[in-house]
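Please look over the chain shown here. The report below goes from single residues to the whole fold.

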Amino acid sequence: MIEVNALFAGYSGVAVVREVSFTVASGEVLALLGPNGAGKTTTLHTLAGLLPALGGEVVLEGRRVTGLRPDRLARLGLACVPQDRGVFHQLTVRENLRLVRGGGVATALEWFPELERLLNRRCGLCSGGEQQMLALAKAIAMRPRLLLIDELSLGLAPLVVRRLLPVVRRVARETGAAVVLTEQYVPLALATADQALVLRRGGTALRGPAADLAERPELLADSYLGAE
């Protein structure tokens, strides 16, 4: 579904992500892990077209999409849930969902029935967990081929995270979307993902099947801390 080859990315021409490569198949989840400042969000922003790639290429369903604008990528089937959740606080939950082409209310309620009681509530009055649920529901309603999720758990209680992450797994399995997510709750991320890639200082420190890495916490600790 997506192939990233020797990606360099950064800001003002300075690369903070260097020579990162990975592939994610249809129906597969990749957990992009690493300490703060490792380059996870920079990588997602580059895949989403919010930052220009400084080198390498991104291929989506066999088409080279490096350098395409976010709106073009959205039309090709890319959806993104950013760290700030990307919802409009002055609009109601219903109005946020209706912004999705074709209307997203029915689809959103299929995945998150909890949103029905919130449809007429202004989004800014919803809790952080409710806003994150809405953000994920909006992205799913776009019927993406590639779904990017940046720190789904940021600022949320673990109980809410345990409600949301299984939905990510289900989206990949039932819709065939490829999913790339960054996540601070490493055990939950590994339980959700098929494969994992750990970044450190902008480069690849560790990669492998998520289940294997979950059984080797010492390898994860070394990759985060920089031990050889």
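Where does A25 lie? A25 sits in the loop between β2 and β3, the latter covering residues 29–33. Keep in mind that this is a predicted model.

**A25 and its surroundings**

A25 is partly exposed. Its relative accessible area is 35%, which falls between the 20% limit for buried and the 50% limit for exposed. Leaving out residues up to four places away in sequence, A25 touches M1 and A178. A79 is 54 residues from A25 in sequence. In space, the two C-alpha atoms are 16 Å apart.

**Loop residues with positive phi**

Two residues other than glycine take a positive phi: S12 and E61. S12 is placed in the loop between β1 (2–11) and β2 (14–24). E61 is placed in the loop between β4 (53–60) and β5 (63–64). The table sets out their accessibility, along with that of A25 and E218.

| Residue | Relative accessibility | Class |
|---|---|---|
| S12 | 81% | exposed |
| E61 | 48% | partly exposed |
| A25 | 35% | partly exposed |
| E218 | 39% | partly exposed |

Phi of S12 is near 55°. Phi of E61 is near 50°. S12 counts as exposed because its 81% is over the 50% cut-off. E61, with 48%, is under that cut-off and so counts as partly exposed.

**Two helices**

Helix α1 spans residues 40–47 and is mostly covered. Of its 8 residues, 6 are buried. These are K40, T42, T43, L44, T46 and L47. Just after α1 comes G49, with a positive phi of about 85°.

E218 belongs to helix α9, residues 217–225. E218 is partly exposed, at 39% relative accessibility. V171 is 47 residues away from E218 along the chain. Their C-alpha atoms are separated by 30 Å.

**The nonpolar cores**

Which residues have the most contacts inside the largest nonpolar core? They are F112, L136, L147, I149 and L181, in a core of 48 residues. Take L136 as an example. Beyond its neighbours within four places in sequence, L136 is in contact with V81, F112, L147, I149, L152, L164, V167 and V168. Another core lies apart from this one. That second core has 27 residues, including V24, L30, V65 and L146.

**The whole protein**

How many helices and strands are there? The protein has 9 helices and 10 strands. Its radius of gyration is 17 Å, close to the 17 Å that the globule rule gives for 228 residues, so the protein is as compact as a globular protein of that length. Along the principal axes, the C-alpha trace spans about 55 × 35 × 30 Å.

Buried residues make up 49% of the 228. Among contacts with a separation of 6 or more, 68% join residues 24 or more positions apart.

The accessible surface comes to about 10600 Å². Carbon and sulfur atoms account for 52% of that surface. The protein carries 26 positive and 22 negative charges. The mean positions of these two sets are 7 Å apart.

Methods. Residues are numbered from 1 along each chain as its sequence is written. This is a predicted model: local features need pLDDT of at least 70, side-chain atom pairs count only at pLDDT 80 or more; totals for chains, interfaces and linings use all residues. Side-chain values use heavy atoms; hydrogens and water are left out. A nonpolar core is a set of buried Ala, Val, Leu, Ile, Met, Phe, Trp, Tyr and Cys residues joined through side-chain atoms within 4.5 Å. Buried means under 20% relative accessible area, exposed over 50%, partly exposed in between (1.4 Å probe, protein chains only). Contact means heavy atoms within 4.5 Å. Helices (H or I, at least four residues) and strands (E, at least two) are DSSP runs, numbered from the N terminus. The radius of gyration is taken over C-alpha atoms; the globule rule is 2.2 Å times the number of residues to the power 0.38. Accessible areas come from the Shrake-Rupley method with a 1.4 Å probe; for residues, only the protein chains shown count as cover. Lys and Arg count as positive and Asp and Glu as negative; His and the chain ends are not counted. The place of a charge is taken as NZ of Lys, CZ of Arg, CG of Asp or CD of Glu.
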